[in-house]
Amino acid sequence: PFREWIGAAIRSDFWGYAAAGNPERAAGFAYRDACWTHTKNGIYAEMFLAAVIAAAFAEPDSYELIEIGLSEIPANCRLAEAVRLSLEWKKRCSSWEEWMDRLDSTYASMHDVHAINNLQIVIMALLYGGGAIDRSAALAVMGGKDTDCNGATVGSITGAVNPESKLAERLNDTIEPAFIGEGVVRMRELAERTFRVWKKLSPDKPAGN
């Protein structure tokens, strides 16, 4: 059952960055990454989020971003159905707490790190957070389930939507990763490395370059 959990979806960010402005390409990268470890909705969640993150560099509206994400996954999969249900709840729920009550009752038996219910929390945070980084990320965490992953994903999306926020300057810019081969690094350095990847994959170059 873990092959439909959130493990692939939390790898979506870089594909969205590397293909910024090109959600279809981001979703393609995400599929190739996710299919090694996940199946069905575990794959679709990474594709959805990669597409949304890529699109967020060009589209600020949360509803439009969600529709873009939906366009990159099968329309009849359980994840797509859950996304549409999330949008319907937004019409009926005046607060995010009421929205969460719907989620908790509808998916009471679903594992806390399943891809579907956690992606729905990301959507909730985008819809009730108004696109603001701080508010949206906080809502993603307060929703529970896989809090660190959801907060980070929402931060990716709203960070792309709000580049003028200069959020990195307000945080501790030094990262000490536990990855083999990586030493102490600054967020700016990571951003510059990612930007170089994006330039290699820019839309005006053939896909093989």
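**Exercise 1.** Find which element gives the most to the lining of the largest cavity.

*Solution.* Start with the ground rules: this is a predicted model, where local features need pLDDT of at least 70, side-chain atom pairs count only at pLDDT 80 or more, and totals for chains, interfaces and linings use all residues. Residues are numbered from 1 along each chain as its sequence is written, and side-chain values use heavy atoms, with hydrogens and water left out.

Step 1: get the terms straight. On a 1 Å grid over the protein atoms alone, a cavity is a set of points where a 1.4 Å probe fits but cannot get out, and lining residues have an atom within 4 Å of a point. Helices are DSSP runs (H or I, at least four residues), numbered from the N terminus.

Step 2: list the lining. You'll meet Ile6, Ala9, Ile10, Leu49, Ala115, Asn118, Leu119, Val122, Cys149, Asn150 and Thr153. Two elements, α7 (115-128) and α9 (147-161), give two or more residues.

Step 3: pick the winner. That's α7, with four residues.

**Exercise 2.** Work out which element supplies the largest share of the lining of the second largest cavity.

*Solution.* Step 1: look at the space, about 40 Å³ (a volume is the space filled by probe spheres set on the grid points, which are joined across faces, edges and corners).

Step 2: go round the wall. Pro60, Ser62, Leu65, Leu126, Gly131, Ile157, Thr158 and Val161 line this cavity.

Step 3: match them to elements. α4 (62-70) and α9 each supply at least two residues, and α9 takes the largest share with three.

How values were computed
1 Å grid on protein atoms, 1.4 Å probe; cavity = no way out; pocket = protein on both sides within 12 Å on 5 of 7 lines; lining within 4 Å.
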